[in-house]
Amino acid sequence: PLSNEEAKGILDVTKSLNWSIPASGLLLAGFCALAPVCGLIPWRPHILINGGTGSGKSTVTDGISRKLIGDTVVAVSLTSSVSGLRQVLKKDAYPVIIEEFDPEGKNGQAKSIEFFDMMRDASGDSETPTLRGSPNGTAVEYPCNSMFHLVAIQVCTDVKANLNRISVLSLKSNSNKKDPKASDEKWQNIQKLIDKNITSIDNIGSRLLARTLENIDIIKENIKTFKKAAHKHFGNARDADQYGTLLAGAYSLYSDCLINEKAALIYIQGYDWDEYTEGSSEDDSMNALNSILQSRLTIQGGLGMLSLTAVECIEAVRREEIDYNHINRELRRFGIVCRDDHFIITNNSPEMQRALSLQNNPPWAKNWKIYLQRITDDNGDRVKTTKGPISFNRSQQRGTCIPYDIVFKDEDNEY
């Protein structure tokens with residue numbers, strides 16, 4: 001396995017590159033450390049190296065990423081098909097590199113969308129495998145547990161669900177028209193550092209893999225710690241998953257010891273993340289929960305006909321306010337059960353689906369459980385699901401448990 005000194009040398013290389021955002025060096029290093037073991041980690045982040053001609057994209061890909069990831073990598077081009085890649089991967093969790101990910105024309109755009117869909121599936125959200133038919137009439141299962149390394153001049157997607165799973169690492173031009181001699185000297189120094197810390201080390205890819213596997217239990221614990229710290233820093237679960245995982249990978253090159261949450265938070269706060277997290281302050285998991293809670297229910301009870309939002313109904317039931325028995329029955333029919341310290345939202349309810357579809361048919365209108373299960377508490381821990389089916393208005397369903405503190409914390413502090 002690589003020694004601590006040799007592993008730190010990788011960080012020296014990735015941090016020395018001409019990044020638009022300095023933290024990109026850490027994220028690239030973290031990706032290269034984790035990609036060969038992507039099947040062993042719960043969240044699989046992807047990266048996109050982008051920059052103009054002469055920015056060093058090929059040097060990063062061929063001189064750093066390929067050498068560090070080693071023989072585990074599957075390299076394809078955008079002319080390849082998603083179905084072809086799935087057949088190559090089968091059920092194996094290999095990292096994938098796609099160079100020149102700059103689609104042209106309608107066919108290119110359509111193919112890029114298929115790859116983005118595959119990457120979303122690979123990140124770790126979906127429990128549903130991809131099935132394809134075969135000539136003998138038997139369905140073939142193609143799960144994808146890969147981490148993707150894209151290389152492109154431009155970022156060819158503005159879909160939030162894609163950008164939430166792909167960290168864009170932008171390289172600046174290495175040329176300096178005002179001082180070309182200085183820029184040439186800087187680039188030569190980077191090349192020398194790559195030669196010294198990566199190229200000259202025999203079997204660096206396999207030795208890095210051996211180091212990662214030797215420390216995999218520590219790395220997995222550090223991923224949890226970095227996610228909690230990242231949740232406190234970024235304020236949402238998606239960024240915590242993405243950057244917490246990559247930073248734990250980078251930290252594995254610096255140390256083979258466990259890190260505590262305070263130290264992880266200081267590690268994160270040492271870098272500027274504004275450009276990475278721009279537009280991600282609103283997490284879709286909370287948007288999905290808010291959509292459900294703002295759905296209107298009609299209650300026929302002792303006080304006559306009432307029109308209340310789901311969150312008002314939950315509040316009435318947990319505080320046992322007037323008419324709460326009638327309200328509780330309507331909540332159960334809608335798909336919500338109130339317990340002592342939490343409420344449970346069913347995974348499947350025609351009434352809830354109908355109510356959500358009326359709200360401009362958001363992405364979570366048919367499969368809200370995936371979004372709800374990403375919700376985290378103040379400690380960064382994900383909400384729990386029921387251990388088995390429970391009763392919702394005489395129908396047995398599984399559900400997601402939402403602590404009251406997540407919804408009513410501010411209100412409760414006023415009492």
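**Group meeting: helix α3, some aromatic rings and a small sheet**

Hi everyone, let's start with helix α3, residues 57-69, where the buried residues are Lys57, Thr59, Val60, Thr61, Gly63, Ile64, Ser65, Leu68 and Ile69. Please keep in mind that this is a predicted model. Just past the end of α3 comes Gly70, with a positive phi of about 75 degrees.

Next, Phe101. Where does Phe101 sit in the chain? You'll find Phe101 in the loop between strand β3, residues 96-99, and helix α5, residues 105-123. Is Phe101 buried or exposed? Its relative accessibility is 0%, and because buried means under 20%, Phe101 counts as buried.

And what does Phe101 touch? Leaving aside residues up to four places away in sequence, its contacts are Leu78, Ser112, Phe115, Phe116, Met119, Leu150, Val151, Ala152, Gln154 and Cys156. For a sense of distance, take Ile21, which is 80 residues from Phe101 along the chain: the two C-alpha atoms are separated by 21 Å.

That brings me to the rings. How many aromatic pairs does the structure hold? There are 13 aromatic pairs. One of them joins Phe101 and Phe115 edge-to-face, with 6.3 Å centre to centre and 75 degrees between the planes. This pair links distant parts of the chain, since Phe101 is in the loop between β3 and α5 while Phe115, 14 residues apart from it, is in helix α5. Phe115 also counts as buried, because its relative accessibility is 0%.

Tyr251 and Tyr254 make another aromatic pair, this one tilted, at 5.9 Å centre to centre and 45 degrees between the planes. Both tyrosines belong to helix α10, residues 237-254, and are three residues apart, about one turn of the helix. Here is the background: an α-helix has 3.6 residues a turn, so residues three or four places apart point the same way. How do the two compare in burial? Tyr251 is buried, with a relative accessible area of 10%, whereas Tyr254 counts as partly exposed because its value is 45%. The two tyrosines also belong to one aromatic cluster, together with Phe226 and Tyr267.

Before we leave the rings, please look at Arg318. Its charged end sits over the ring of Tyr404, 5.2 Å from the centre. Arg318 also lies over the face of Phe408, at 4.1 Å from that ring centre.

Last stop: the sheet. In what order do the strands of this open sheet run? The order is β10-β11-β14, three strands with antiparallel pairing. Why is one side of β10 and of β14 left without a neighbour in the sheet? Strands β10 (336-338) and β14 (399-403) stand at the edges, and each has a single partner strand, so one side of each stays free of a neighbour there. On average, neighbouring strands of the sheet are turned by 25 degrees against each other, direction ignored.

Looking at the pairing itself, β11, residues 342-346, meets β14 in the antiparallel sense over five bridges. If you'd like a residue to click on, try His342, whose bridge partner in β14 is Pro403. Finally, helix α13, residues 284-293, packs on this sheet and touches β10, β11 and β14. The direction of α13 makes about 90 degrees with that of β11.

Thanks for listening!

Technical notes:
Residues are numbered from 1 along each chain as its sequence is written. This is a predicted model: local features need pLDDT of at least 70, side-chain atom pairs count only at pLDDT 80 or more; totals for chains, interfaces and linings use all residues. Side-chain values use heavy atoms; hydrogens and water are left out. Helices (H or I, at least four residues) and strands (E, at least two) are DSSP runs, numbered from the N terminus. Buried means under 20% relative accessible area, exposed over 50%, partly exposed in between (1.4 Å probe, protein chains only). Contact means heavy atoms within 4.5 Å. Rings of Phe, Tyr and Trp (its six-membered ring) pair if their centres lie within 6.5 Å; planes under 30 degrees apart count as stacked, over 60 as edge-to-face and the rest as tilted. A charge sits over a ring if NZ of Lys or CZ of Arg is within 6 Å of the ring centre and within 35 degrees of the ring normal. Two strands pair if DSSP finds at least two bridges between them. Axes are lines fitted to C-alpha atoms, for helices over the stretch in contact, and angles run from 0 to 180 degrees between N-to-C directions.
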